[in-house]
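I opened this notebook to keep a record of what I looked up, entry by entry. The topics are helix packing, a few loop residues and some backbone geometry.

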Amino acid sequence: MAARLRVVIATPLEEELVALIAEREPRLEIAHRPELMAPASADWMVRPERDDAQQAEYEAYLDGGEALFGVPDQSGRALAAAIGRNPALRWVHTIPAGGGAQVRAARLDEAALERVAFTTSAGVHAQPLSEFALLGVLAGFKHLPRLREAQGRREWAHREPMVSLTESRVAVVGLGGIGRRTASLLSGLGVEVIGVHRREVEADVARIEPVERLGEVLAGCDAVVLALPATDATRHMLNREVLAKAKPGIAVVNVGRGTTIDEAALVEAIERGQVGSATLDVTEVEPLPAESPLWGLEQVVIAPHTAAISPHEPRRIAELFADNASRLLDGRPLRNLVDTVEFY
C-alpha cells in the first residue's frame with residue numbers, strides 16, 4: 001500500500017467535486033488551480049485561452065502530480081509533453097469513455113506506455129448514450145426526418161407504414177458498456193437484438209455474430225447501432241461494401257466514434273435510399289465541416305457529440321476517479337484500464 005498520492009486536477013472541475021474526491025480517498029494530496037483552466041461546465045472539451053506566462057504556469061502546475069485527473073486541455077500533444085516533463089507521473093485518468101483515442105494521439109513511446117497507467121470514464125455514459133441510440137432507432141422507424149421535412153413545407157404528408165419495435169430486428173455493433181445497455185433497452189421494448197462483437201460476452205441479445213459477418217447481419221435488420229471505440233480495426237467498419245448488403249431503408253445510429261463509419265459511403269447510401277435515416281452523435285471530423293453533405297440531407301440528425309452529457313456526469317466521473325485512486329494506492333487492479341496496443 002502507498003501512503004499518499006499527489007493528484008493534479010488537469011481539467012475543469014467544480015470545487016465541490018474536488019472535495020468529494022478528497023472525502024472519498026483521504027490519502028490524496030490534491031492540487032486544484034481552476035484559474036488556469038476554462039470554467040467548469042458540462043462540456044469537458046472547452047479549451048481556455050492562455051498567454052505565454054499562463055501556459056508556463058499551467059505546465060509547471062501539471063508537473064507536480066503523480067496522477068492527473070483529465071488529459072491536459074484534452075490534447076494528445078499536451079499529454080505527451082506532460083508525461084515527458086514529469087518522470088514521477090504514473091497515472092492519467094481520461095474524461096471520455098473513449099479516452100484511449102487521446103492516449104493514441106499522444107504518440108507515446110513504449111517506455112512511457114509502460115510507466116504510466118491510463119484509465120477512462122467508461123460506464124459513466126452508458127445510460128444517456130443508450131437513450132440517444134433509442135431515439136435514433138425510433139426516429140428511423142417512425143420516419144421523423146420525413147415528417148419534419150413535410151412539416152417545414154406545411155404539407156400533410158402521405159401516409160406510410162411505420163416499423164413497430166416489437167416486429168423489428170436491430171443490430172448493436174460493439175458490446176461494451178454502451179452497447180450492452182443499448183441492447184438491454186431495446187430488448188426490454190420487444191426488439192429482437194443481434195449483437196455484433198469480436199468475442200462472446202454477457203449481453204441481452206438474441207445471439208452474437210462475429211464482426212466479419214456484419215454485412216450479412218444487416219441484410220436482415222431494420223436498424224444498426226454502432227457503439228464502437230476508435231481503433232485501427234473499427235475504422236470504416238460500416239463501409240460501402242457492408243452498406244450495399246444492408247436491408248433497404250435501414251436506420252443507422254452512431255453513439256461510438258465517427259471514424260467507424262465511412263461518411264462518403266453513408267451519404268451515397270442515403271441518396272440512393274439504401275439507408276433510410278442516420279442519427280449521428282459523432283462524425284469523422286469534429287466539428288463537422290460546414291461543407292459536409294451530411295448537413296443538407298433531410299434523413300440525417302446530427303448531434304454535436306453531446307449525447308453522453310448529463311447533469312450528473314461530472315459527479316459520476318469524480319466518484320470513479322476516487323475509487324480508482326483507492327485501488328492504485330492499495331495495489332488493486334484499476335477499472336477501465338486502457339489497452340495500449342489497440343487504445344480502447
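Before the first entry I set down the cut-off that I need for burial: a residue counts as buried when its relative accessible area is under 20%. I also note that I am working with a predicted model.

**Entry: Gln 74 and Thr 11**

I began with Gln 74, which I found in the loop between β3 (67-69) and α3 (76-85). Its relative accessibility is 5%, so I count Gln 74 as buried. The backbone caught my attention as well, since phi of Gln 74 is near 55 degrees, a positive value in a residue other than glycine.

Which side chain is joined to that of Gln 74 by a polar contact of 3.0 Å? I found that the partner is the side chain of Thr 11, a residue placed in the loop between β1 (5-9) and α1. Thr 11 has a relative accessibility of 2%, and I therefore enter it as buried too. When I set aside its neighbours within four places in sequence, the residues in contact with Thr 11 were Met 37, Trp 44, Phe 69, Gly 70, Gln 74 and Ile 95.

**Entry: α1 against α12**

I next looked up how helix α1 (residues 15-24) lies against helix α12 (residues 313-330), and found that their axes come within 9 Å and cross at roughly 30 degrees. An angle under 35 degrees counts as roughly parallel, and α1 and α12 are therefore roughly parallel to each other. I noted the crossing of α1 and α12 as right-handed. On the α1 side the contact is made by Leu 17, Leu 20, Ile 21 and Arg 24, and on the α12 side by Pro 314, Arg 315, Ala 318, Glu 319, Phe 321, Ala 322 and Ser 326. Sorting the residues of this contact by class, I have 7 nonpolar, 1 polar and 3 charged.

**Entry: α6 against α8**

For helix α6 (residues 126-141) and helix α8 (residues 177-188), I found axes that come within 8 Å and cross at roughly 50 degrees, and I therefore describe α6 and α8 as oblique to each other. The crossing of α6 and α8 is right-handed. The residues of α6 that meet α8 include Ala 126, Leu 129, Ala 133, Leu 134 and Val 137, while those of α8 include Gly 177, Ile 178, Leu 185 and Leu 186. By class I recorded 8 nonpolar, 4 polar and 2 charged residues in the contact of α6 with α8.

I then looked at Gly 177 of helix α8 on its own. Gly 177 and Ala 126 are 51 residues apart in sequence, yet their C-alpha atoms are 5.9 Å apart in space. With a relative accessible area of 32%, Gly 177 is partly exposed.

**Entry: Arg 154**

Is Arg 154 buried or exposed? With 81% relative accessibility, I count Arg 154 as exposed, and its place is in the loop between α7 (144-152) and β6 (169-173). I also noted that the C-alpha atoms of Arg 154 and Ala 56, 98 residues apart along the chain, are separated by 57 Å.

**Entry: further backbone geometry**

The peptide bond from Glu 286 to Pro 287 is cis, and I recorded its omega as near -5 degrees; Pro 287 is found in the loop between β11 (275-280) and β12 (300-302).

I closed with Phe 343, which is in the segment after α12 and has a positive phi of about 60 degrees although it is not a glycine. At 13% relative accessibility, Phe 343 counts as buried.

Note on methods. Residues are numbered from 1 along each chain as its sequence is written. This is a predicted model: local features need pLDDT of at least 70, side-chain atom pairs count only at pLDDT 80 or more; totals for chains, interfaces and linings use all residues. Side-chain values use heavy atoms; hydrogens and water are left out. Axes are lines fitted to C-alpha atoms, for helices over the stretch in contact, and angles run from 0 to 180 degrees between N-to-C directions. Helices (H or I, at least four residues) and strands (E, at least two) are DSSP runs, numbered from the N terminus. Angles under 35 degrees count as roughly parallel, over 145 as roughly antiparallel, 65 to 115 as roughly perpendicular and the rest as oblique. A crossing is left-handed if the near helix is turned anticlockwise from the far one by less than a right angle, and right-handed if clockwise. Contact means heavy atoms within 4.5 Å. Ala, Val, Leu, Ile, Met, Phe, Trp, Tyr, Cys and Pro count as nonpolar, Asp, Glu, Lys and Arg as charged, and the others, Gly among them, as polar. Buried means under 20% relative accessible area, exposed over 50%, partly exposed in between (1.4 Å probe, protein chains only). A polar contact is a pair of N or O atoms within 3.5 Å; within protein, one must be able to donate a hydrogen and the other to accept it, and residues adjacent in sequence count only if both atoms are side-chain atoms.
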